[in-house]
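Q: I'm new to reading protein structures and would like a close look at one part of this one. Could you walk me through it step by step?

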Amino acid sequence: MKTFTVKVKPNSKQQSIEHQPDGSLKVHLKSPPVDGKANQELIVLLAKKFKVPKSAIAIKSGFSSRNKLVEVPI
């Protein structure tokens, strides 16, 4: 398992994932941060990037924050 610090930018025009020099990720999401929609989109996007099932990705902290701690099995 690998843990990433993720900075989320909701309501972006395009979806993208940027690797930061400190090893964290900056993720731009189209979804608004309402009713967990941005968190769901984040899980789907990370599952595609790392080629793992959505159920394998866990948000460890920061459910209602832009800064999240996400665990991915790599």
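How much space lies in the largest pocket, and what surrounds it?

A: Happy to help! Keep in mind that this is a predicted model. The largest pocket holds about 190 Å³ of space. It is lined by 14 residues, and the closest to its centre are P33, F63, S64, S65 and K68. Sorted by character, the lining has six nonpolar, four polar and four charged residues. Helix α1, residues 37–50, provides the largest share of that lining, with three residues.

So let's follow that helix. With its 14 residues, α1 reaches 20 Å from its first C-alpha to its last, close to the 20 Å expected at 1.5 Å a residue. Just after α1, K51 takes a positive phi of about 55°.

Now look at the buried side of the story. The buried residues of α1 are A38, N39, E41, L42, L45, L46 and A47, and they pack against β1, β2 (16–19), β3, β4 (58–61) and β5. L42 makes a good example: leaving aside neighbours within four places in sequence, L42 is in contact with V6, V8, V27, L29, I59, K68 and V70. K68 is also among the residues closest to the pocket's centre.

In soluble globular proteins, nonpolar side chains tend to be buried together. Here, the largest nonpolar core has 16 residues, and those with the most contacts inside it are V6, V27, L29, L42, I57 and V70. The elements giving two or more residues to this core are β1 (2–9), β3 (25–28), α1 and β5 (67–72). Once again α1 gives the largest share, this time five residues.

How values were computed. Residues are numbered from 1 along each chain as its sequence is written. This is a predicted model: local features need pLDDT of at least 70, side-chain atom pairs count only at pLDDT 80 or more; totals for chains, interfaces and linings use all residues. Side-chain values use heavy atoms; hydrogens and water are left out. On a 1 Å grid over the protein atoms alone, a cavity is a set of points where a 1.4 Å probe fits but cannot get out, and a pocket is an open set with protein on both sides within 12 Å along at least five of seven lines; lining residues have an atom within 4 Å of a point. Grid points are joined across faces, edges and corners, and a volume is the space filled by probe spheres set on the points. Helices (H or I, at least four residues) and strands (E, at least two) are DSSP runs, numbered from the N terminus. Ala, Val, Leu, Ile, Met, Phe, Trp, Tyr, Cys and Pro count as nonpolar, Asp, Glu, Lys and Arg as charged, and the others, Gly among them, as polar. A nonpolar core is a set of buried Ala, Val, Leu, Ile, Met, Phe, Trp, Tyr and Cys residues joined through side-chain atoms within 4.5 Å. Buried means under 20% relative accessible area, exposed over 50%, partly exposed in between (1.4 Å probe, protein chains only). Contact means heavy atoms within 4.5 Å. The expected span of a helix is 1.5 Å times one less than its number of residues.
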